[in-house]
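This report concerns a single protein chain and the placement of its charged side chains. Please examine the sequence and structure shown below before reading on.

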Amino acid sequence: PLNALSMSVQTLRRRLDPAADERNRNALAVLDEESRRLNRLVEDLLVYARPVQLHREPVALPPLLERIRRMFVETADRQGIRLRVDTAEAAPRFTADEDQLLRVLINLVQNAIDNLEGGGEITLGWAREDNHLLLEVVDTGPGFTPEALQRALEPFYTTRRQGTGLGLSLSAEILKAHGWQLALANRPGGGAMVTVTVPASDLLEVPAGGSTPAAPLTETKGEG
């Protein structure tokens with residue numbers, strides 16, 4: 001039912017006259033966003049209730065990150081958030097369950113958006129370090145509290161009134177099933193950073209070593 005609702009709202013948004021009342025456009029945008037959020041919640045509950053099963057396949061990172069950018073571009077713009085996404089073709093391919101990894105990245109970006117109520121910037125990028133691939137979600141929000149750094153991966157722990165406390169814990173379980181690591185930290189200059197470490201054993205193009213910074217980013221600039 002939620003998928004049908006979301007599809008109907010998206011159809012109405014496409015058919016809406018560009019000159020239509022702004023309140024109607026905003027109302028449909030909110031309906032679309034909330035139906036997506038409820039759908040993610042139901043999916044998270046269903047996934048959390050059963051063991052993680054992986055279907056590994058070769059994954060190209062740039063198109064995956066571009067999918068994330070398209071999913072959040074309107075939400076970021078509406079909330080005055082600058083969304084910076086690295087879609088450089090130089091990123092190494094790796095093996096993973098792409099659908100499950102997509103779920104993880106959606107959770108991480110959504111958490112970052114929720115922490116930027118007054119606008120700010122989110123960077124979704126990657127780097128290579130010591131033969132590992134690092135996937136990073138960085139924001140300019142308030143960062144993690146000391147308690148959150150200790151408990152954020154616990155099921156049902158949340159600092160938000162409308163949060164379920166499942167996003168990060170489910171993401172950690174999915175990554176654990178891959179044999180990967182999820183790390184939370186506060187940036188020295190402020191804001192939060194969440195890092196997914198993909199080991200060299202899962203890379204299809206093993207880097208020569210050392211650290212390689214991410215390439216230039218695609219930016220989506222929010223207003224305000």
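Helices, taken as DSSP runs of H or I with at least four residues, are numbered from the N terminus. The model discussed here is predicted.

## Overall architecture

The chain contains 6 helices and 9 strands. Of its 224 residues, 42% are buried. Among contacts between residues at least 6 apart in sequence, 73% join residues at least 24 apart.

The exposed surface of the chain amounts to about 12100 Å², and carbon and sulfur atoms supply 51% of that area.

## Strand β2 and its partner

Strand β2 spans residues 81-85 and has two distinct faces. I81, L83 and V85 form the covered face, whereas R82 and R84 form the uncovered one.

Strand β4, residues 120-129, pairs with β2 in the parallel sense over 5 bridges. Within this pairing, I81 stands opposite G120 of β4.

A salt bridge also connects these two strands: the side chains of E121 and R82 meet at 3.8 Å, N to O. This pair links distant parts of the chain, with E121 in strand β4 and R82 in strand β2, 39 residues apart. E121 has a relative accessible area of 23% and therefore counts as partly exposed. R82 is likewise partly exposed, because its relative accessibility is 32%.

## A buried aspartate without a salt bridge

D86 is located in the loop between β2 and β3, the latter comprising residues 94-96. Which side chain of opposite charge is nearest to D86? That side chain belongs to R84, 9.5 Å away; D86 is buried yet has no salt bridge. A salt bridge would require a side-chain nitrogen of Lys or Arg within 4 Å of a carboxyl oxygen, so the separation from R84 does not qualify.

The side chain of D86 does have a polar partner, since a polar contact of 2.8 Å joins the side chains of D86 and W126.

## Salt bridges involving the helices

The structure holds 8 salt bridges. One of them joins the side chains of E98 and R67, at 3.9 Å from N to O. This pair links distant parts of the chain: E98 belongs to helix α4 (residues 98-114) and R67 to helix α3 (residues 61-78), 31 residues apart. E98 is buried, because its relative accessible area is 19% and the limit for burial is under 20%. R67, by contrast, is partly exposed, with a relative accessible area of 31%.

Another salt bridge brings together the side chains of E147 and R151, at 3.1 Å from N to O. Both residues lie in helix α5 (residues 146-151), 4 residues apart, or about one turn of the helix. E147 has a relative accessible area of 43%, so E147 counts as partly exposed. R151 is also partly exposed, at 33% relative accessibility.

Finally, E66, R69 and R70 are linked in a network of salt bridges.

## Summary of the charged residues

Two of the pairs described here link distant parts of the chain: E98 with R67, across helices α4 and α3, and E121 with R82, across strands β4 and β2. The pair E147 and R151 lies within helix α5. D86 is buried and has no salt bridge, but its side chain is in polar contact with that of W126.

Conventions. Residues are numbered from 1 along each chain as its sequence is written. This is a predicted model: local features need pLDDT of at least 70, side-chain atom pairs count only at pLDDT 80 or more; totals for chains, interfaces and linings use all residues. Side-chain values use heavy atoms; hydrogens and water are left out. Buried means under 20% relative accessible area, exposed over 50%, partly exposed in between (1.4 Å probe, protein chains only). Two strands pair if DSSP finds at least two bridges between them. Contact means heavy atoms within 4.5 Å. Accessible areas come from the Shrake-Rupley method with a 1.4 Å probe; for residues, only the protein chains shown count as cover. Lys and Arg count as positive and Asp and Glu as negative; His and the chain ends are not counted. A polar contact is a pair of N or O atoms within 3.5 Å; within protein, one must be able to donate a hydrogen and the other to accept it, and residues adjacent in sequence count only if both atoms are side-chain atoms.
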